[in-house]
Structure formats: C-alpha cells, structure tokens
Amino acid sequence: MIDRAGIRARFETLAPYLDERARRLFAATEAHAAGWGGVAAVSEATGVARSTIGRGLAELRSTASLKHRIRRPGGGRKPKTETEPGLLAALEELVQSATRGDPEAALLWVSRSQRHLAGALAERGFMVSQKLVGRLLRKLGFSLQANRKTLEGSAHSDRDAQFEHINRKIKQFQAAGQAAISVDTKKKELVGDFKNGGRELRPKGNPEPVRVHDFKIPALGKVAPYGVYDITNNSGWVNVGIDHDTAAFAVESIRRWWNALGRKRYPGMACLLITADCGGSNGARVRLWKHELQGFANETGLAITVAHHPPGTSKWNRIEHRLFAFITQNWRGKPLVSHEVIVQLIGATTTASGLDVQCHLDENSYPKAIRISDAQMSAINIDRDPFHGEWNYTISPNLLRPMTVIENDKRQ
C-alpha cells in the first residue's frame, strides 16, 4: 500500500525550497521507492505531471548527469530576441544613431533612458519591458556613464619632458634633504547653508535642509583654500582666505606653511622646490608671483626653485589627488555654513596612508590689480633653467637691498 499522505506531507514541506529540477527528481525518487504504481500515486499526491516524473526517472537512470542545469537543453521560454527577430538590431540602431548625433535619429534630444528606448521600440512593433532593454543594452556593450574630464586641449610638445624634469627635481631635493612642495588653490566655495555634493549618514527621512539657489550671502562670501602639500612627508597645509586669490595670497600661504611647519621639519634647509600650475595666482607669467617670492626668499634666505606644470595639465598636480581629493571626500554632504566649520572639516582630513592636514583661516585683505613695473622685475634675482626657463627658474635672496620703485623713478 503506497502512503500517499506521507508523500504529500514530505512534498509540501520541501516544496518552498525546491527548484524545477529538484521537484522533478524528488517526485521521481518517491515514485521509484513506491515501486509498481508509484508514478500515478506520486502524481496524485504532489500534482506533478506523470510525464515530468518520467523524465525525472530517466535522469536518475542516466549516467550523463546534468550537473548545473535545471532544465534540459532547449527547455523554457524562448528569449525575445528569438521570438521577435530584429529586436536587437532595432535597439542598437536607436542607441547608435543618437550617440553619433544623427539628425534623423528617433531619440534626438531625448535622454536615452530605458523607458524612452522601450517606448521607441514599441512604436516599431516590439513589446519589451524596461528591464529587458537594460539587459539587451548590456549585451550590446552599453552602460550608464557620466562625463569624464580627460580632454585637455592641445598638448605642448615638451609636456612629457617637463614632467620628467619635475620628477628629477623632486628626487634631487629629497635626496639632499630639502623640501619639495606642491601648491595650488582649491575650488572656491560659498559659505552658508548651500548644498554640498555627496551624501552622509543621517536619520532616515531627515535630510539636512539647504538653500534652493546658490546665491552668495554677502555677510559670509566665499573662501579660497590655498593648499601646500609636502610631498616627502605626505602632509598638507591649507590657508583658507576670505579675500581675493592673488599671488600675494599664494605666497603668504607658503610663508605661513614655512613658519608653522617647514622650518621645523627641515632645519638648516637652504633650498625649497615649489611645483605649481602654469596659471592662476601662482602662474608662470604672473609678475606679482615672482615679486612676492623674491620677498619671501629675502626673508628666509632660501633659494626658491619653481617648476611649473605644462599648460593644460593642472589636474596632474600632486596636490589635486593627494590632498584636495580627500578634503572633498571628507566634507561631502556637509553644508559649509561658516569659516569655523570649513577649517575644522579640512583639518580633520586623514587617509589610511597617514595624510596629516593642518588648516588655518587667513583674514587678511589681498587687493587685486597690483601692477609690478619693469624696474621691480629687473630687481628680482632670478636664474632661469636652460630647459624652458619660463617654466623652470630659481629665485635667490638679494644680497643687496632691492631698489624701490621711487628710487628707480628718480634715476629715470
């Protein structure tokens, strides 16, 4: 006598955990154990078709096991690309025509979202879901991608040679125990309760409210964080200015780094290497930059060697990816509501590799449009490198008192 109730109980207990093949093999095993009449009894108890149980018995007797397959080859519903010929080609045509800027494209000036693509395919007679469109796009080699800043415009013919020159200089200064720093101004930031990119953990449903429009608050203004990155010690100094980003502000930031950290870390140092962008407040063609560096050299007695990055390569500056990138990560999703908050967030920046950052607020004024005369330029003790002297030069302390503009005008 076959125990149909027992078979049914066992099947109902295991059914939620069985896939298609496991159900088939379970029913076949029960039928085989029941003996004569087992197929009919198991089919009645479990609801599994006799033909399915028969296939399961054939699998159990077969020496060629279907190890990782649930269905036999060819089983299951046919894919849409087979039941609706031309679907894949139509999808590729829609995406490629829009990608190449075809003026006759069906999706011109329409975002190529899965929903829009599914709708465009429906107009052509293909009934597909958004999810299927996504799977087909991946099959065609497409994926969602953001814009990427990689185009730098025309490259200077000596770009690579200049980078090699900079690397050689850094190694020379490090080998001699002299400081090598990378400098730049980080992106200017509005102070106030403005949206800051990124997300941070907060109680669910309670995002921090910020302003809808990014209009400067006159009482708070903007800040210009000028960074000094010590390449050898993997440490940063950030001078947060509240006025204009001028060459005077740039050199003052370096001066503050030197007085607070540099002179202690490099006792007896005679030379300083500065790597900087080719433009901005520390640009290679900025007269005030060289004039202020001369004053800094006279104050400290340091011979200051400057190596500028070639034009159009500012993102290759070490300070960008060794200091500024981590500051941006640290304050992501946090509104920069005050100067104190900005200084604290920058100063709290650390990395697993041991980056240490110090930050201070600079409340000085730095007026714009300061002109440096030819006489003042001629008083700068500058020695230009044979290789691109406009990018590579050394400013040494003046042994004699620099000629003032008034004295020069009297001589003329």
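**Figure 1. Model confidence, with residues 400–412 in view.** Over residues 400–412 pLDDT stays under 50, and the model has seven contacts beyond four places in sequence for this stretch. The model is predicted. Across the protein, pLDDT averages 87, and 87% of the residues score at least 70.

**Figure 2. Packing of helices α1 and α2.** The two helices pack at an angle of about 160°, and their axes are 12 Å apart. Angles over 145 degrees count as roughly antiparallel, so α1 and α2 are placed in that class. Their crossing is right-handed. On the α1 side the residues that meet α2 are Ile-7, Arg-10, Phe-11 and Leu-14. On the α2 side they are Arg-23, Phe-26 and Glu-30.

**Figure 3. Salt bridge between Arg-4 and Glu-44.** The closest N and O atoms of the pair are 3.4 Å apart. Arg-4 belongs to helix α1 (residues 4–14) and Glu-44 to helix α3 (residues 38–46), so the bridge ties together parts that are 40 residues apart in sequence. Arg-4 is partly exposed, with a relative accessible area of 31%, whereas Glu-44 is exposed at 55%.

**Figure 4. Surroundings of Arg-8 in helix α1.** Arg-8 has a relative accessibility of 32% and counts as partly exposed. Leaving aside neighbours within four places in sequence, Arg-8 is in contact with Glu-44 and Ala-45. Between Arg-8 and Glu-44 the C-alpha to C-alpha distance is 8.9 Å, and the two residues are 36 residues apart in sequence. Glu-44 is also the salt-bridge partner of Arg-4.

**Figure 5. Salt bridge between Glu-59 and Arg-21.** The side chains meet at 3.4 Å, N to O. Glu-59 lies in helix α4 (residues 50–61) and Arg-21 in helix α2 (residues 20–34), so parts that are 38 residues apart in sequence are tied together by the pair. Arg-21 is buried, with a relative accessible area of 16%. Glu-59, at 22% relative accessibility, counts as partly exposed. The cut-off for buried is under 20%.

**Figure 6. Salt bridge between Arg-287 and Asp-374.** Here the N to O distance is 2.8 Å. Arg-287 lies in helix α11 (residues 287–300), while Asp-374 lies in helix α14 (residues 374–378), so the pair ties together parts that are 87 residues apart in sequence. Asp-374 is exposed, with a relative accessible area of 55%. Arg-287 counts as partly exposed at 35% relative accessibility.

**Figure 7. A network of salt bridges.** Five residues are linked: Glu-252, Arg-255, Arg-256, Glu-299 and Asp-362. Side chains of opposite charge can pair when their charged atoms come close. The structure holds 17 salt bridges.

**Figure 8. Surroundings of Gln-294 in helix α11.** Gln-294 counts as buried, at 4% relative accessibility. Apart from neighbours within four places in sequence, Gln-294 is in contact with Ala-379, Ile-380 and Asn-381. Its contacts also include Ile-395, Ser-396, Pro-397 and Asn-398. Helix α11 (residues 287–300) also holds Arg-287, the residue paired with Asp-374 of helix α14.

Notes
Residues numbered from 1 in each chain as written. Predicted model: local features only at pLDDT ≥ 70, side-chain atom pairs only at ≥ 80, totals over all residues. Heavy atoms only, no water. Salt bridge = Lys/Arg side-chain N within 4 Å of Asp/Glu carboxyl O. Helix = DSSP H or I, 4+ residues; strand = E, 2+ residues; numbered from the N terminus. Buried < 20%, exposed > 50% of the residue type's maximum accessible area, 1.4 Å probe, protein only. pLDDT = per-residue confidence, 0-100. Contact = heavy atoms within 4.5 Å. Axes fitted to C-alpha atoms, helices over the stretch in contact; angles between N-to-C directions. Parallel < 35°, antiparallel > 145°, perpendicular 65-115°, else oblique. Left-handed = near helix turned anticlockwise from the far one by under 90°.
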